[in-house]
Amino acid sequence: MSIAYAALNPTANILDRAETFETATVSLDRLRVGAHARVLAVKGEGAVARRLMEMGVVPGAPVRVVKCAPLGDPLEVRVRNYHLALRRSEAQTISVVLES
Amino acid sequence: MSSTLESPSPRTTEPAGGQAEQAVRPLVVALAGNPNAGKTSLFNALTGLRQKVANYPGVTVERKEGVWALAPDLRPARLLDLPGLYSLDATSIDEQIAHDVLTGRMADTPAPDVIVAVVDATNLERNLYLVTQLLETNRPVVVALTMFDLAERAKLEIDVKRLGESLGVRVVAVTARQRRGLDELAHAVLSAVGVETPGVCWRLSPRAEEEVLLLAGDGAAGREAALRDIYSDELPPDAARREAVEQARQRLARLNPQWWQEPLTARYRWIERVAEGSVRGTQTERPSTTERIDRVVTHRLFGPVVLLLVMGVVFQAIFSWATLPMDLIDRGFGALAELTRAHMPPGLLTDLLADGVIAGVGGVLVFLPQILLLFFFIALLEDSGYMSRAAFLMDRLMRGVGLHGKAFMPLLSSFACAIPGIMATRTIENPKDRLATIMIAPFMSCSARLPVYTLMIAAFFSEKKLFGFVSVGALLILSMYLLGITVAIVVAWILKHTILKAPPPPLVLELPPYRVPNLVNVAQAMRTRAWLFVKRAGTVILTISILLWALMTFPRASHNPAPGAQVVAAAQTASQTGIGPTGETSQGAGQAQGGAGEASEQLQQSFAGRLGHVIEPVIAPLGFDWKMGIGLIASFAARETIVSTLSIIYNVGKDADASSPSLIEAVRNAKRPDGSPAWTPLVAVSMMVFFVLALQCMSTVAVVRRETNSWRWPLFMVAYMLVIAYAASFVTYQGGRLLGLG
Ligand SMILES: Nc1nc2c(ncn2[C@@H]2O[C@H](COP(=O)(O)OP(=O)(O)OP(=O)(O)O)[C@@H](O)[C@H]2O)c(=O)[nH]1
Ligand SMILES: [Mg+2]
């Protein structure tokens with residue numbers, strides 16, 4: 001329990017940083033296959049956004065686009081060491097910062 | 001790997017009560033965890049039961065219960081296996097079931113005394129999200145780290161002891177397949193009984209914490225209640241508090257429109273710290289085996305090719321590999337029938353056994369090898385992890401008709417049987433999407449149709465080849481499957497644009513890593529399905545066979561008044577003496593069926609025969625005669641029944657001299673009153689089309705009734721599918737005749 005109550009700083013910090021890197025942020029569906037990025041914000045409302053976040057797509061999480069399906073949709077992304085399929089319309093609500 | 005640590009602050013909630021209560025009722029232990037985390041594998045290992053295990057999320061969709069012998073000298077516990085959840089904020093029916101059981105809100109299930117949080121060790125962070133929520137229920141929690149073998153192979157070093165310290169509960173590494181860590185898990189569960197778990201352990205932003213504090217006052221319990229009130233969907237019932245909560249939400253929303261995300265993010269921040277402290281993994285950026293396989297399997301071009309190839313191989317195998325054992329079984333039942341006749345005095349009982357029971361049940365059991373093969377392949381695909389990939393490949397098409405990507409897996413299961421398929425729709429969140437999926441699931445050609453297809457093809461298309469090498473039979477079967485799929489797509493589109501109108505649903509689907517299929521799982525799946533099939537043959541089919549035999553045997557034909565005399569004996573005499581009464585029906589049957597006149601007259605006169613004649617005008621435009629009509633009526637109980645019914649019909653009405661021709665030959669030789677063959681290739685195709693599209697399965701109707709909680713949908717389903725089946729069969733037969741194929 002030693003680290004349990006460690007003061008943690010969630011969204012605030014990342015959001016601050018985001019202001020300065022406006023140009024480097026894109027939505028997840030715009031990334032090219034193989035690109036590494038970090039989640040900045042999940043903009044959707046309601047059940048889908050909540051589900052995505054419950055599954056680990058929260059601000060600060062590293063993501064990588066693995067591929068897109070034969071017909072261009074859905075996308076496969078790697079997040080927190082597992083693979084997730086989601087449609088472009090959902091990916092659009094996730095904004096990310098590109099990592100080198 | 002010993003994690004003998006004690007819970008940090010073992011506050012006992014019910015000091016004596018816990019023990020005393022245990023004496024009167026068994027301990028209730030529930031397995032909770034993410035989908036595909038290995039809950040059912042663990043459940044099977046602990047209870048010795050054989051629930052279905054497969055490598056895709058959403059296998060278990062109901063609560064299952066088993067007995068777990070915790071320790072030799074103790075009373076065994078009731079162990080509950082639950083559907084997987086990503087969080088306690090449930091969105092679909094299967095999740096709701098798990099949620100209700102875990103929180104003690106399920107009517108017929110006591111609240112669990114201990115929750116075993118099943119955590120996939122290779123996927124720690126996402127799995128721990130649910131654990132943080134489980135800890136907050138304040139029920140005793142023990143963490144079972146599954147897939148530990150895989151974690152070790154991936155060189156992930158997990159410090160089980162540190163992890164337990166950080167979480168404040170005991171953590172036990174287990175590997176269900178190798179039965180590793182099971183005793184330790186039992187000990188951990190026993191020592192966790194009555195121990196309250198530490199609660200909320202993460203912090204929000206200072207601003208949000210202020211709001212929480214404002215609402216909570218002092219004390220940990222107040223904080224938890226305040227967090228729940230502010231961040232859950234529901235508002236508290238108390239008016240004053242509701243007012244305060246609403247104001248707090250408004251203030252938070254003004255600062256940050258995504259204010260509701262804070263607890264989610266904060267939990268993950270906390271989890272990241274926990275994981276950092278206890279996992280030392282060589283997180284290689286080298287692409288995993290799964291990714292390398294997927295380079296082909298979900299490739300832009302190769303992906304669909306692989307999908308088609310997989311389906312092709314499965315069909316090919318089912319139809320070519322199964323022939324030999326099927327022939328053997330067929331001959332076995334033939335011999336059995338002859339043996340019965342030879343060793344029993346001729347009479348009604350012998351007839352019942354030979355014509356009713358053996359012909360009826362045997363006619364269906366012949367298809368066991370095909371069923372086994374089908375389920376062998378399905379189990380292989382399911383346990384390898386391919387199912388989710390197929391869903392990934394097909395999602396774009398599914399969305400085109402307005403269906404959920406997740407609908408693909410229930411529909412795929414429906415190729416085995418619509419019942420598990422319909423149950424699997426529980427994973428679909430939106431009720432309208434779920435209903436649309438249920439409505440089209442029976443169009444997928446299930447294993448019960450295989451006997452019908454096989455019979456028709458064996459009788460009329462077995463030798464035929466197209467261009468010299470493409471088997472017409474295989475092509476026909478494929479078209480039947482495609483016909484079902486096409487109609488399903490059209491119906492789904494119509495439903496989703498009319499009565500079940502809703503925006504295209506989202507897709508968020510986990511793609512699990514590929515695993516080498518576990519042969520034990522595969523064998524188990526085959527055994528379960530084979531047993532169901534045999535059981536059905538032994539119950540439903542047997543009952544209907546006897547019933548039909550009786551309906552075909554009584555009342556006795558009028559010119560044959562001797563009460564004990566039975567049909568075949570009469571026919572025998574007739575053929576021996578050559579003075580068979582030439583009833584109008586046997587006029588054309590000059591060749592092999594010389595002596596069958598009386599027998600078929602008996603069939604005509606019987607209750608079943610009369611019934612068949614009543615519906616004959618309705619089904620004549622489809623190319624069916626009254627005998628097929630009897631089969632059709634019977635098949636509304638279960639599709640395979642048509643095979644057993646035809647067996648009985650052609651047995652009761654057959655020429656007794658013929659050396660028990662197989663059903664296939666009987667079908668080929670069957671005649672109409674005018675002497676023309678009853679079956680033609682066109683009739684066979686028309687019959688197959690009818691069977692693709694009609695809902696002839698009582699069990700499916702019952703399941704739809706249960707899953708939709710009303711009679712409206714199942715009745716609607718039976719009706720509209722019947723209309724479609726009739727129309728399609730009509731077009732097939734009449735169209736074929738116009739083209740000169742009849
Ligand atoms: N190597 C390995 N594989 C495992 C272990 N436990 C489960 N699996 C495999 O993981 C997959 C999922 O297992 P299930 O037991 O069906 O998982 P579940 O949590 O019941 O899944 P749902 O019912 O869909 O929520 C199957 O392919 C299992 O064979 C384990 O300890 N080691
Ligand atoms: Mg399960």
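Here's a short tour of this predicted model, with stops at a metal ion, a ligand and a surface patch.

**Stop 1: the magnesium ion.** Select ligand 2, the magnesium ion, and show what coordinates it: OG1 of B:Thr40 and OG1 of B:Thr60, at 1.9 to 2.0 Å. Now colour chain B by secondary structure. B:Thr40 sits in helix H2 (residues 39-47), while B:Thr60 is in the loop between H2 and strand E2 (64-68), so the two threonines tie together parts 20 residues apart in sequence. Switch on a surface and check both. With buried meaning under 20% relative accessible area, B:Thr40 makes the cut at 8%, and B:Thr60 does too at 13%.

**Stop 2: ligand 1.** Next, select ligand 1 and its surroundings: 25 residues, the closest being B:Lys39, B:Thr40, B:Ser41, B:Val59 and B:Thr60. You'll recognise B:Thr40 and B:Thr60 from the magnesium site. Which helix gives the largest share of the shell? That's H2(B), with three residues; helix H5 (148-153) of chain B also supplies at least two.

Then bring up the backbone and look for polar atoms facing oxygen atoms of ligand 1. B:Asn36 has one at 3.1 Å, B:Ala37 one at 3.2 Å and B:Tyr56 one at 3.4 Å. Taken on its own, ligand 1 has 650 Å² of accessible area, and the protein covers 99% of that.

**Stop 3: a nonpolar patch.** Finally, go to the surface and select B:Leu547, B:Leu551, B:Phe554 and B:Phe607, which make a nonpolar patch of about 350 Å². Zoom in on B:Phe607: this residue belongs to helix H26 (residues 607-619) of chain B and, at 45% relative accessibility, counts as partly exposed.

Notes: Residues numbered from 1 in each chain as written. Chains lettered and ligands numbered in written order. Predicted model: local features only at pLDDT ≥ 70, side-chain atom pairs only at ≥ 80, totals over all residues. Heavy atoms only, no water. Donors = N, O, S within 2.8 Å, 3.2 Å for Na, K, Ca; no water. Helix = DSSP H or I, 4+ residues; strand = E, 2+ residues; numbered from the N terminus. Buried < 20%, exposed > 50% of the residue type's maximum accessible area, 1.4 Å probe, protein only. Patch = residues over 30% accessible without salt bridge, like charges linked within 9 Å, V, L, I, M, F, W, Y side chains within 5 Å. Areas by Shrake-Rupley, 256 points an atom, 1.4 Å probe, with all protein chains shown as cover. Salt bridge = Lys/Arg side-chain N within 4 Å of Asp/Glu carboxyl O. Near = heavy atom within 4 Å. Polar contact = N/O pair within 3.5 Å; in protein donor to acceptor, adjacent residues only side chain to side chain.
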